Amino acid sequence: MRHSRTLVVTAALGMALAGLGAVPATAATPTPATGHYTAGAKHTAANDRAFYDAVMKSVAKKRAANPLAAAVTVTYSTANAPSFRSQISQAAQIWNSSVQNVRLAESSSGADFEYYEGNDPQNGSYASTDGHGSGYIFLDYGQNQQYYSVRVVAHETGHVLGLPDHYSGPCSELMSGGGPGTSCRNAYPNSTEKSRVNSLWRNGLASAFKPAA
């Protein structure tokens, strides 16, 4: 039997909250959106990889602890999104069964990123980061009732793994988000998306394990 060790990223991404069930506070430090489920919301393409880059910074800090790791485990918290715990778990299982170089696991403390829930009709569901190691996924109640919720969660989680939005894609493409309409119920990444995530995290690991100059 082949055994592999998993590198667990433990550096928490700090969060500020306006209150449980509300949109996280952003007044002090504006947090540009990494990606939204629908194209109608304000979107900053330059930040598509910000979540991935922030997590990989945590990986780099841990490279000396376990340089032979076969995969990276990224931890998340559902404490502030209790209504979506089932959908989040399903989304994590989907990604874990689809890719090999990164794993998603729930953590009760010190998570790498967090999920939040609430009402935000203007922006809907989105992934957001300040580009400096702090990030979260916000799940909008109304949008998750209108669209297939597991797909929404899996899509936003795809941003954490480094994938950008591609709203013009078909339903078979997870990162097409709400582009195909409310009838789309596919919550799985296609072969191209799987390959891209595996490549990103394989290359990310190689970069993280490279000795500092």
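A residue counts as buried under 20% relative accessible area, as exposed over 50%, and as partly exposed in between (1.4 Å probe, protein chains only). The model is predicted: local features need pLDDT of at least 70, side-chain atom pairs count only at pLDDT 80 or more, and totals for chains, interfaces and linings use all residues. Residues are numbered from 1 along each chain as its sequence is written, and side-chain values use heavy atoms, with hydrogens and water left out.

**View 1. The whole protein has five helices and seven strands.** Helices (H or I, at least four residues) and strands (E, at least two) are DSSP runs, numbered from the N terminus. Along the sequence the order is β-β-α-β-α-β-β-β-β-α-α-α. The protein has 213 residues, and 51% of them count as buried. About 9700 Å² is exposed, with 50% supplied by carbon and sulfur atoms. These areas come from the Shrake-Rupley method with a 1.4 Å probe; for residues, only the protein chains shown count as cover. A contact means heavy atoms within 4.5 Å. Among contacts between residues at least 6 apart in sequence, 70% join residues at least 24 apart.

**View 2. Ser125 is buried in a loop, at 0% relative accessibility.** The loop runs between strand 5 and strand 6 (126-129). Which residues does Ser125 contact, leaving aside its neighbours within four places in sequence? Among them are Gly35, His36 and Tyr37. Phe138, Leu139 and Asp140 also touch Ser125. So do Gln143, Asn144, Val152 and Glu156.

**View 3. Gly177 is buried in the loop between helix 4 and helix 5.** Its relative accessibility is 0%. Not counting residues up to four places away in sequence, Gly177 touches Tyr37, Arg151 and His155. His36 is 141 residues from Gly177 along the chain, yet their C-alpha atoms are separated by 8.0 Å.

**View 4. Tyr116 and Tyr136 form an edge-to-face pair.** A pair of aromatic rings is described by the distance of the centres and the angle of the planes. Rings of Phe, Tyr and Trp (its six-membered ring) pair if their centres lie within 6.5 Å; planes under 30 degrees apart count as stacked, over 60 as edge-to-face and the rest as tilted. The count comes to eight aromatic pairs. The ring centres of Tyr116 and Tyr136 are 5.8 Å apart and their planes stand at 85°, so this pair is edge-to-face. Tyr116 lies in strand 5 (residues 113-118) and Tyr136 in strand 7 (residues 135-140), so the pair ties together parts 20 residues apart in sequence. Are the two residues buried or exposed? Both Tyr116 and Tyr136 are buried. Ring pairs link Tyr116, Tyr126, Tyr136 and Phe138 into a cluster. Asn80, in strand 3, is 58 residues from Phe138 in sequence and 9.6 Å from it in space, C-alpha to C-alpha. Asn80 is buried, at 13% relative accessible area.

**View 5. The charged end of Arg185 sits over the ring of Tyr148.** Such a charge is NZ of Lys or CZ of Arg within 6 Å of the ring centre and within 35 degrees of the ring normal. Here the distance to the ring centre is 4.0 Å.

**View 6. Arg85 and Glu106 meet in a salt bridge.** Side chains of opposite charge can pair when their charged atoms come close. A salt bridge is a side-chain nitrogen of Lys or Arg within 4 Å of a carboxyl oxygen of Asp or Glu. The structure holds one salt bridge. The N to O distance between Arg85 and Glu106 is 3.2 Å. The pair links distant parts of the chain, 21 residues apart: Arg85 in helix 2 (residues 85-98) and Glu106 in strand 4 (residues 102-106). Arg85 is partly exposed, at 48% relative accessible area. Glu106 is also partly exposed, at 36%.

**View 7. The largest nonpolar core holds 27 residues.** A nonpolar core is a set of buried Ala, Val, Leu, Ile, Met, Phe, Trp, Tyr and Cys residues joined through side-chain atoms within 4.5 Å. Ile88, Trp95, Leu104, Phe113, Tyr115, Val197 and Trp201 touch the most other members. Elements giving two or more residues include strand 3 (71-80), helix 4 (149-160) and helix 5 (191-208). Helix 2 gives the most, with four residues.

**View 8. Leu104 and Ala92 are in contact.** Ala92 is in helix 2 and is buried, at 6% relative accessibility. Beyond its neighbours within four places in sequence, Ala92 contacts Tyr76 and Leu104. With the same neighbours left aside, the contacts of Leu104 include Val74, Tyr76, Ala92, Trp95 and Phe113. The C-alpha atoms of Ala92 and Glu106, 14 residues apart along the chain, are separated by 8.8 Å.
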